[in-house]
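Please walk through this model with me, from a small sheet to the helices and the nonpolar cores.

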Amino acid sequence: LQQTPLHTQKLDAQEHVVDADEEHVVDADADEEWVQDTLDADESWVRDSLRVLQEAAQGCDTVRALVVELGRRDGRTGKIGTEIHGFGFGAQMHVLTVAMSYAVATNRLLVMRSKDNWWYSDGAHCPSRSFTCYFEALSRCSEEQVTKGLRPWQLDGEGQLLKLRSGREDERVVYTDLRLDNYLNLKQHRLQVPEAVAHRGLLWWRGQLALYMLRPNAYVTHLLQIEFQSLAWHQHAGHVVGVHVRHGDKKTESAVVPMEVYLDAALQLARARRQDAAAAQAALMPQDVDASMPQHVLYISSDDPEAVAAAHAWQELPLHAGTVRVIAREGEVRGVSTATDQVVEMHKINVTRYGEEAVLNLLLLSHCRAFVGTFSSNFGRLGYEMAYARRHGDLFGASMDVFWHAYP
């Protein structure tokens, strides 16, 4: 097998500068003390700015707003004419973070459709089929409130909201979908970072937005707590390395990386993470350390049942036995590539279960102490960005293919 390059990035206390041509992150040395001193202030600025923007104190029916839809009004996905609809979860959520970034830059309230046709939801279990099936509402204002009182000339010929595009930036209320070829996904919108936090870079900004927007609702929070208990997560919370392995339909988009390459990289990061925490560990009294606990814990998030089985077998090798523990969600639907309209319509998958598992895997990855995956995967890259934000930039990460980038 050809050796797959290992792009390892220690990302604690580093500024990230994006090459405007390649959109790849370039690590630039920064003064660690200065970065740490400004960390809380920068995060507070983001939280306060988003809170003020989303509260719309001037009134929901007068505020400038961007309404976001996750699915077409007719519910169709796949190729429709020259357009592709129904992109994967990671790609959609990335475009959603760009939408929020655009809203901040243009002083618009961001509102999700109240009634949607998101193909990651099932109307039998969540009648709205909307963002709030899994996540907290982004604003106190609803779509109905922000569109109240719009005049006919503020709507299209069918009486629907005008779609955001060049030349419509001055309209009070516009809508956007989350397709990859929409107006939001232009480079100038993807690379935009507010001047107040520009010194933190694009990765930091996108991570902050994703962590703010993808806050689980009460139902998903309950499911997440069950997962934490099932995986005994809190026993290893400071040491879990997340390993995201995308082998399903990614086989048609990028080279498949052998499972042992992921695992060997994850073990390297786990060891580095332990060494990094050696000073703190040394402060513990010997009786406070549970010698029965494995030294390294790897959380496997994958759509490939063979990958999970291979990870468990790797764990049992004499070299790793007793020192490495592999954990993965039990009973998960695997072996199914990204859902399409045909898969959904033929009931080959339980859409609610599929959506819940995607959200839970993302949230678990975001709680990991280090990350291994492929940044060609939007889902893996999103989990990495959220973990980076949750860990205040103190994250070890490795991509098995491309460097971090901002598309979408």
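**Sheet, helices and cores**

In strand E8, Tyr 175 is the bridge partner of Val 67, where strands (E, at least two residues) and helices (H or I, at least four residues) are DSSP runs numbered from the N terminus. The model is a predicted one, in which local features need pLDDT of at least 70 and side-chain atom pairs count only at pLDDT 80 or more, while totals for chains, interfaces and linings use all residues. Residues are numbered from 1 along each chain as its sequence is written, and side-chain values use heavy atoms, with hydrogens and water left out.

E4 and E8 run parallel and are joined by 4 bridges; two strands count as paired if DSSP finds at least two bridges between them. Strand E4 (residues 65-68) is also joined by 4 bridges to E7, again in parallel, and there Leu 109 of E7 is the bridge partner of Ala 65. The result is an open sheet of 3 strands in the order E7-E4-E8. Because E7 (109-112) and E8 (173-176) stand at the edges with a single partner strand each, one side of each is left without a neighbour in the sheet. From one strand to the next, the twist averages 25°.

Helix H2 (residues 89-106) packs on this sheet and touches E4 and E7, its direction making about 150° with that of E7; contact means heavy atoms within 4.5 Å, and angles run from 0 to 180 degrees between N-to-C directions, with axes fitted to C-alpha atoms, for helices over the stretch in contact.

In a regular strand the side chains alternate between the two faces of the sheet. In E8, Val 173 and Tyr 175 point one way and Val 174 and Thr 176 the other, and all are buried, that is, under 20% relative accessible area with a 1.4 Å probe and protein chains only.

The largest nonpolar core, a set of buried Ala, Val, Leu, Ile, Met, Phe, Trp, Tyr and Cys residues joined through side-chain atoms within 4.5 Å, has 73 residues, and those touching the most other members include Phe 89, Leu 96 and Trp 233. Not counting residues up to four places away in sequence, Leu 96 touches Val 68, Leu 110, Met 112, Phe 131, Leu 178 and Met 213. Apart from this core lies another, of 26 residues, among them Val 243 and Tyr 262.

Finally, helix H11 (residues 351-366) and helix H12 (residues 378-390) pack at an angle of about 40°, with their axes 7 Å apart. Residues of H11 including Ala 358 and Leu 362 meet residues of H12 including Phe 379 and Leu 382.

Key: Buried < 20%, exposed > 50% of the residue type's maximum accessible area, 1.4 Å probe, protein only.
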